[in-house]
Structures are given as C-alpha cells and as structure tokens.
Amino acid sequence: MHETYDAKILNQSPVAGPRLGIIGGGQLARMTAMSALQLGCNVVVLERNPYSPAATLATHSLVGDWNTVEALLGLASQVDVITLENEFVDANHLRALEDAGHTVWPNSQTLALVQDKFTQKQTLQAAGLPIPRMCATDEPRDLERAISQLGLPLVLKARRNAYDGKGNATIRTRDDIAAAWEKLGGNAGNPLYAEEFCDFTSELAVIITRGRNGESAIYPVVETVQENHICHLVRAPAAVSPEVANRAAEVARRAVETVGAVGSFGVEMFLTRGGEIVVNELAPRVHNSGHYTIEACACSQFENHVRAVLGLPLGSTRMVAPAAAMVNLLGNIHAAGRAGGLDQALAVPGAHLHLYGKAMSGEGRKMGHVTALGETLAEAEQAAVECASKIHFGKTS
Ligand SMILES: Nc1ncnc2c1ncn2[C@@H]1O[C@H](COP(=O)(O)OP(=O)(O)O)[C@@H](O)[C@H]1O
Ligand SMILES: [Mg+2]
C-alpha cells in the first residue's frame, strides 16, 4: 500500500498497537517489521523504492527519500516511535525529528558518534576500548605519514556510508595509493582514513540489545567469515575459549554503552594472532551476524530490537540448540531477483531459508540467508552450506 491512498486511512483508523516507523526498507527493516507485526504493531516503512523488501509487508509504506528532513517528518507524523535499519541517515536530520518532539531510537546523539567510523573509533578509544591503530588522511600525500606510522599493508577506509567492503581498499605498496584514493571517492571529497592491516586469526561479533532503561541483553559471541570483505558465514557460538568469549562480550558491552545505544547493535571485532580483541566497527542497528538468532535464540535480535525501542522488557538471548550456522545468499549477476533451486534447497532437513524478495539481484548483493541448527557447529554448517548451495538467482533453470 502506498502513501497516496492509505496515509489518510492510517491517521483516521483506530490503532490497535504501537506504531513503529522504520527508516529504510531493506532486509533488516523487513525482519524487524516481521517481529513488530508479531507483537501487534503497525509498521510504517520509509524507502525510495515502493517495492523494497520491507515495504511489501509493512502495514503502510511511504515512498520518499530518507535523506531529506521532509520525508522523515512525514514518517514521524504517522508513528509513535521511529527506528532505523542503517547508519546512513544523517544524525542532524534525526536531531530535527527529536527537536520537533518525535521519539527516535537509537537517538541522534548515538548516531552522531557512530555514523562516521573515524569519529566512532576515536570515541571508543577515548573510552579505553581497543581499536586498530589509525590515521586521519585528508589527501593522498597524508598516506606517507600513515605508512610511516602504520606500516604496509594498510587499509584505506571511507569514514561514512560504507558497507559490504565497498568503503575499503587495501594498500600493499605505494603504487596502490592513487587507485585506492580514487576508488573510495577521495578525489570527489569523500572523507577517508587509514587503518593498520590487522592480521587476525578470526573475526568475532556480538549482538547486544540495550533497552531504554539501560537494561541489556547480550547474545553469544559468534565467528564471522568474510569473503571479499562481505560476510559469508556465521558460526554460533564462536569456537573460542570461554576466556576469549567473555572478553569479547565485555568489550562489546562497553562499546555499546559508550555510545548510549538503545536497540539491537552489532559489534564486529578482530581476534589477533596475539590473542587481543580489537573493535573493528559498531553498527547501530540489527546486524547480519545476528540473523541466526531468529531460529537459534529464544528471542531474536529483531524482536529484542522492537521491544527495546518500544520500552518493553527484553527477551532471553539463550540459544535453543548447541550450535547454529548462517550462510548469506549473495547474488552474482545483475538479473531478476527470483530465486531458483527451491525444490532442492528446501529438501535439506533442518535448514531455514530466508529470501528477501528483492526485485533484482546483483554481484555480491544480499538476497537471502540460510540458518541451520545442530548438535555441533560442523553439523549446522554442513546443512546451511548445502541448502545455500542449491539456491541461485538470475538463472532460468
Ligand atoms: N584493518 C583491517 N585489517 C584487515 N582486514 C580488515 C580491516 N578492516 C576491515 N577488514 C576486512 O574487511 C571487512 C569489512 O570491513 P569493515 O570495516 O567491517 O567494513 P564494512 O563491513 O562496513 O564494509 C572486515 O570484516 C574484514 O574482513
Ligand atoms: Mg563490517
């Protein structure tokens, strides 16, 4: 349903449950909306595309550009609480909503600390949290200083609007500088920074949901496996010692507290060869590394997010099986988004298939995911990988 004919109905109709507005209509909004609908909420989604994954199932869909205050105020006027599915919405615009009396979680202050990743890491560092060594770079020649401080290789990163590795470029020799700077939009004025290359043994992640009253619910520490900087596989719980898991959980807890989080947040960390835990980044929203919680935990990251932003008690993060694995379904060509291979994929026992309903697939585009539970990580991973291997996008057979 679209604004033109149903905005009026929403304003006039008796509302059964709380009205939750979501900025953005991708898969994270879609899975959040599913939980909100289960809890009897009305869900209003704001996205540019009327057929976004979340718009197609929301109670109401507003078509508009969430980069404008006008569109955000339009959403705000229809809901009780606003939340978001990405960190790209401008914190100043969220501030304008708050100033107009609207409730936004996470709030503009949190987003202002998090959405610029350089500022985010400075904030975490000031709170005594371990981060990779990094260096501001305003122009390519600053990389000389970065190389002398951080060594080679190093990773050049976009400060804002980066996801799925699109904001990263590894510099191995000085010859890579110009191309990396160009690739990340440095020449077009996109702010960048340099970070030491972390020689990690594994990547860990933790989802934490923090309530409006500061209460927090922490999910198990998981291992994430990236291919080409995109999350490919999640193993829950991570096969690390209890001591490492406790340290990772504690770092994550302090990180979300530092930025005043409300809602579900994802904290990505590196476990270095020396056994150190270093925060890679913090996402002020539900996170890909927490998709497994839908089937594997008593209360998912999505439901807990909805509970948190509405001021309801948080649910248990306990796993309901000894192990779980999640595999992302990525597109590999630009083509229609319909999935093929369902007959075979759904024949894999115990695998839970999620398709996001995107109209188009593209290279590396997240089109869905599979979660499987098991007695062991190996068993869960085998089922999830097998199911995922049957699904393809953009082929006719
Ligand atoms: N400093 C680093 N050293 C080594 N690998 C890195 C570094 N920073 C990022 N990566 C790799 O790239 C992936 C994506 O980078 P990240 O900073 O998390 O950006 P995003 O997930 O927003 O695209 C990480 O999960 C990791 O695999
Ligand atoms: Mg990341």
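An open sheet of four strands, ordered E6-E9-E7-E8 and paired in the antiparallel sense, is a convenient place to enter this predicted model. Its edges are formed by strand E6 (134-137) and strand E8 (168-171); each has a single partner strand, so one side of each is left without a neighbour in the sheet. On average, and with direction ignored, neighbouring strands of this sheet are turned by 25° against each other. Four bridges connect E6 with strand E9 (residues 192-196) in an antiparallel pairing. Within that pairing, threonine 137 stands opposite leucine 192 of E9. Helix H7 (residues 142-150) lies across E6, strand E7 (154-158) and E9, and runs at about 175° to E6.

Isoleucine 177 belongs to helix H8 (residues 177-183). This residue counts as buried because it has 20 C-beta neighbours inside 10 Å, and a residue is called buried from 20 such neighbours upwards. Once neighbours within four places in sequence are left aside, the contacts of isoleucine 177 are Pro140, Leu143 and Ile171. For proline 140, the position along the chain is 37 residues away from isoleucine 177, while the C-alpha atoms of the two are separated by 7.0 Å.

The domain assignment divides the protein into domain 1 (3-104), domain 2 (133-196) and domain 3 (200-393). The centres of domain 1 and domain 2, taken over C-alpha atoms, are 35 Å apart.

Another open sheet has five strands in the order E3-E2-E1-E4-E5, and here the pairing is parallel. E3 and strand E5 (103-104) are the edge strands, each pairing on one side only. E2 and E3 run parallel and are joined by four bridges. One residue pair can be followed across them: valine 44 has histidine 60 of E3 as its bridge partner. Helix H2 (residues 27-38) packs on this sheet and touches E1 and E2; the direction of H2 makes about 165° with that of E2.

Helix H3 (residues 69-76) has Leu72, Leu75 and Ala76 as its buried residues. They lie on the same side of H3, because the arc they cover around the axis is only 100°. The elements against which these buried residues pack are strand E1 (19-23), strand E2 (42-47), strand E3 (60-63), strand E4 (81-84) and helix H4 (91-99).

The next stop is strand E21 (residues 366-374). Eight of its nine residues are buried, so E21 is largely enclosed by the rest of the structure. Strand E16 (residues 323-330) runs antiparallel to E21 and is joined to it by eight bridges. Alanine 324 has leucine 373 in E21 as its bridge partner. E21 also pairs with strand E19 (residues 351-355), again in the antiparallel sense, over five bridges. In that pairing, histidine 352 has threonine 371 in E21 as its bridge partner.

The nonpolar cores can now be placed on this framework. The largest has 100 residues, and Val45, Val267 and Ala384 have the most contacts inside it. E16 supplies the largest share of this core, seven residues. At least three residues come from each of domain 1 (3-104) and domain 3 (200-393). Alanine 384, when neighbours within four places in sequence are left aside, is in contact with Ala325, Met326, Val327, Ala351, Val370, Thr371 and Ala372. A second core of 18 residues is separate, and includes Leu150, Ala158, Ile177 and Ala194. Isoleucine 177, described above in helix H8, is thus met again as one of the members of this second core.

Leucine 233 is located in strand E13 (residues 230-236). With 17 other C-beta atoms within 10 Å, leucine 233 is partly exposed. Its contacts, leaving aside neighbours within four places in sequence, are Val225, Ala325 and Val327. Ala325 and Val327 also appear among the contacts of alanine 384. Histidine 102 lies 131 residues from leucine 233 along the chain, and the C-alpha atoms of these two residues are 38 Å apart.

Terms used: Residues are numbered from 1 along each chain as its sequence is written. Chains are lettered from A and ligands numbered from 1 in the order in which they are written. This is a predicted model: local features need pLDDT of at least 70, side-chain atom pairs count only at pLDDT 80 or more; totals for chains, interfaces and linings use all residues. Domain bounds come from an automatic or database domain assignment. A residue is buried if 20 or more other C-beta atoms lie within 10 Å of its own, exposed if 12 or fewer, and partly exposed in between; C-beta atoms are placed from the backbone. Helices (H or I, at least four residues) and strands (E, at least two) are DSSP runs, numbered from the N terminus. The arc is that of the directions from the helix axis to the C-beta atoms. Two residues are in contact if their C-beta atoms, placed from the backbone, lie within 7 Å. Two strands pair if DSSP finds at least two bridges between them. Axes are lines fitted to C-alpha atoms, for helices over the stretch in contact, and angles run from 0 to 180 degrees between N-to-C directions. A nonpolar core is a set of buried Ala, Val, Leu, Ile, Met, Phe, Trp, Tyr and Cys residues joined through C-beta atoms within 7 Å.
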